[in-house]
Amino acid sequence: MSGLASDDITPWLPPEDLERVRRQVPMLYVDIVPVRVDASGIVQQVGLLLRVTDGSLTRALVSGRVLYHETLRQALTRHLEKDLGSLCLPRIPLSPQPFTVGEYFPTPGPGFHDPRQHAVSLAYVVPVDGDCHPQQDTLEVGWFTPTEALLPEVQAELVDGHGTVLRQALSHVGRLP
């Protein structure tokens, strides 16, 4: 670390540095499917974010970058609280294991596409027990039964491959009809 003191290292990059790194290095992300479960641990509802993207309403999963020197557990909690509020009360597993890995490429083709970067996203299903309210650029947190979440009109609103990730999550927890 050529001459940098540990105090000089922060988890945030200035926008111009982030853009340069995104062009050269795969970025690590988490995709999170927040769920409500019953007393038996069966998924009853799936939380989807409603946002305005390029002038149209879209739905998305909770998603975001893992920061430098941040554990996966910390990243999961940070992104859930950022999008659902600090009282969402996520139940992060003791040993978080993703149910799938998504690969996003800057060039269109098979798989997921993200024009900004090459990204690898670890996907998790996380039960939340608390009050969830939209935060930042989220207009609404909508709760859908697994059957409702798979309706063509809901799937059509999901962006960035999140429809595929959602179907994989529901399959993983045994709720794919």
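**A walk through the predicted model**

The structure holds 1 aromatic pair. Its partners are Tyr104 and Phe112, and the pair is stacked. The ring centres lie 4.8 Å apart, with 25° between the planes. That angle counts as stacked because the planes are under 30 degrees apart. Tyr104 counts as buried, at 7% relative accessibility. Phe112 also counts as buried, at 14%. Keep in mind that this is a predicted model.

Another ring has a charge for company. The charged end of Arg36 sits over the ring of Trp143. The distance to the ring centre is 4.6 Å.

Now turn to the nonpolar interior. In soluble globular proteins, nonpolar side chains tend to be buried together. Here the largest nonpolar core has 23 residues. Which of them touch the most other members? They are Val33, Val46, Leu48, Phe99, Val165 and Leu166. Several elements feed this core. Strand 1 (27-37), strand 2 (43-53) and strand 7 (119-127) each supply at least two residues, and so does helix 5 (162-172).

Phe99 is a good residue to click on. Setting aside residues up to four places away in sequence, Phe99 touches Val33, Ala123, Tyr124 and Val125. Phe99 also touches Val165, Gln168, Ala169 and His172. A second core, separate from the largest one, has 17 residues. Among them are Leu80, Tyr124, Val126 and Cys132. Tyr124 thus appears twice: Phe99 touches Tyr124, yet Tyr124 belongs to the second core.

Next, look at helix 3, residues 146-149, where Ala149 is found. Is Ala149 buried or exposed? Ala149 is buried, because its relative accessible area is 0%, and buried means under 20%. Beyond its neighbours within four places in sequence, Ala149 is in contact with Phe144, Val154, Gln155 and Leu166. Leu166 is also one of the core residues that touch the most other members. Pro110 is 39 residues from Ala149 along the chain, and their C-alpha atoms are separated by 24 Å.

Finish at strand 4, residues 62-65, which includes Arg65. Arg65 is buried yet has no salt bridge. Where is the nearest side chain of opposite charge? That side chain is Glu70, 8.2 Å away. A salt bridge needs a side-chain nitrogen within 4 Å of a carboxyl oxygen, so this pair does not qualify. Glu70 is still in contact with Arg65. With neighbours within four places in sequence left aside, the other contacts of Arg65 are Trp12, Leu18, Arg22, Met27, Leu28, Tyr29, Arg78 and His79.

Technical notes: Residues are numbered from 1 along each chain as its sequence is written. This is a predicted model: local features need pLDDT of at least 70, side-chain atom pairs count only at pLDDT 80 or more; totals for chains, interfaces and linings use all residues. Side-chain values use heavy atoms; hydrogens and water are left out. Rings of Phe, Tyr and Trp (its six-membered ring) pair if their centres lie within 6.5 Å; planes under 30 degrees apart count as stacked, over 60 as edge-to-face and the rest as tilted. Buried means under 20% relative accessible area, exposed over 50%, partly exposed in between (1.4 Å probe, protein chains only). A charge sits over a ring if NZ of Lys or CZ of Arg is within 6 Å of the ring centre and within 35 degrees of the ring normal. A nonpolar core is a set of buried Ala, Val, Leu, Ile, Met, Phe, Trp, Tyr and Cys residues joined through side-chain atoms within 4.5 Å. Helices (H or I, at least four residues) and strands (E, at least two) are DSSP runs, numbered from the N terminus. Contact means heavy atoms within 4.5 Å. Lys and Arg count as positive and Asp and Glu as negative; His and the chain ends are not counted.
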